[in-house]
Amino acid sequence: FLSGGELAVLTASGAVTKLGIAAGGLAGLAPAENGRLYYAIGSGAIRYLDALNVSHDLLDAAGAAPYVFKNDVYNTLQLFYDPASHSLFVATQNSSIPCTGTVSWVSAVFRIPLNGDGTKVGGPVQGTVVCLSGSLAWERPNGFSEGPNGTLFLTVDDNSNEAGGRMVTMDKTTLAVSTYATNGPYIGGASSNAGCYSRLFGRAV
């Protein structure tokens, strides 16, 4: 969590340890296996904390240099680690790939496969654009979680009160996107700025 403008660790006993990682430019946190926690920073790099809370760069496939995500990290909004595919999924807001019915910003999701110990990129990066149903002005991904039947679940904000398919699922292998549910039109639809899928309830929250 964030404490005094820094990333910090809170133990079960309530002890707080600041990690010296500034909150400015921090974009997304994704817990993974063996105590790793992936996060993106303002330089375009993706890093991770190990089990001892030491920060490391995620390296490129050759292991020769830090891997730099190709999108502007300012627009990297969500990270999600999937243990089944041993991949890191990155949700971004992208201005360069239009969707039918949108004016400017759209959501894009990229799958970064990892090597065995999760320290570097393990293969080609895949990407897809998330085009919401409905005539929406722009999109901003804001909630990434495990979805139903082995899919990923993503919620998207569009700053609109109109009806729109703001909740989608995504196939982890093909990145095929399907509308999970539509909400709106109503006052407050423009504030759909969070969400996740609950396996306990079997529905979106």
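**Two antiparallel sheets and their salt bridges**

Arginine 47 counts as partly exposed, because its relative accessibility is 30%, and this residue offers a convenient way into the structure, which is a predicted model. The side chain of arginine 47 meets that of aspartate 57 in a salt bridge, with an N to O distance of 2.8 Å. Since aspartate 57 lies in strand E7 and arginine 47 in strand E6, the pair ties together parts of the chain that are 10 residues apart in sequence. Aspartate 57, like its partner, falls in the intermediate class of exposure: its relative accessible area is 26%, and the class of partly exposed residues lies between the limit of 20% for buried and that of 50% for exposed.

The two strands that carry this salt bridge belong to an open sheet of 4 strands, arranged in the order E4-E5-E6-E7 and paired in the antiparallel sense. At the edges of this sheet stand strand E4, residues 27–31, and strand E7, residues 55–57, each of which pairs on one side only. From one strand to the next, the twist averages 25 degrees. As general background, the strands of a sheet pair through backbone hydrogen bonds, and they may do so in a parallel or an antiparallel way.

Following this sheet from the E4 edge, one finds that E4 and E5 pair in the antiparallel sense over 4 bridges, and that leucine 29 has tyrosine 39 in E5 as its bridge partner. The two strands form a hairpin with 5 residues between them, and within the turn asparagine 34 has a positive phi of about 55 degrees. The next pairing joins strand E5, residues 37–40, to strand E6, residues 46–49, again in the antiparallel sense and over 4 bridges. Here the bridge partner of alanine 40 is isoleucine 46 in E6, and the residue that follows in E6 is arginine 47, the partner of aspartate 57 in the salt bridge described above.

Further along the chain there is another open sheet of 4 strands, with the order E12-E13-E14-E15 and antiparallel pairing. Its edges are formed by E12 and by strand E15, residues 177–183, each with a single partner strand, so that one side of each is left without a neighbour in the sheet. In this sheet, too, the twist averages 25 degrees from one strand to the next. Between these edges, strand E13, residues 152–157, and strand E14, residues 164–170, run antiparallel and are joined by 4 bridges, with leucine 154 finding its bridge partner in valine 168 of E14.

Side-chain contacts can be placed on this framework. Asparagine 142 is found in strand E12, which covers residues 140–146, and asparagine 142 counts as buried because its relative accessible area is 14%, which is under the limit of 20%. The side chain of asparagine 142 makes a polar contact with the side chain of threonine 155, at 2.6 Å. Arginine 166, whose number places it within the span of E14, forms a salt bridge with aspartate 158, the closest N and O atoms being 2.5 Å apart. Arginine 166 and aspartate 158 are both buried.

The structure holds 4 salt bridges, and one of them connects the side chains of aspartate 82 and lysine 172, at 2.7 Å from N to O. This pair links distant parts of the chain, since aspartate 82 sits in strand E8, residues 76–82, while lysine 172 sits in the loop between E14 and E15, 90 residues away. Both aspartate 82 and lysine 172 are buried, and salt bridges that share partners join Asp82, Glu146 and Lys172 into one network.

A last feature lies at the surface, where Leu200, Phe201 and Val205 make a nonpolar patch of about 400 Å². Valine 205 is located in the segment after strand E17, which spans 203–204. Valine 205 counts as exposed because its relative accessibility is 62%, a value over the 50% that marks this class.

Definitions and conventions:
Residues are numbered from 1 along each chain as its sequence is written. This is a predicted model: local features need pLDDT of at least 70, side-chain atom pairs count only at pLDDT 80 or more; totals for chains, interfaces and linings use all residues. Side-chain values use heavy atoms; hydrogens and water are left out. Two strands pair if DSSP finds at least two bridges between them. Axes are lines fitted to C-alpha atoms, for helices over the stretch in contact, and angles run from 0 to 180 degrees between N-to-C directions. Patches are made of residues with over 30% relative accessible area and no salt bridge: like charges are joined within 9 Å, nonpolar side chains (Val, Leu, Ile, Met, Phe, Trp, Tyr) within 5 Å. Accessible areas come from the Shrake-Rupley method with a 1.4 Å probe; for residues, only the protein chains shown count as cover. Buried means under 20% relative accessible area, exposed over 50%, partly exposed in between (1.4 Å probe, protein chains only). A polar contact is a pair of N or O atoms within 3.5 Å; within protein, one must be able to donate a hydrogen and the other to accept it, and residues adjacent in sequence count only if both atoms are side-chain atoms.
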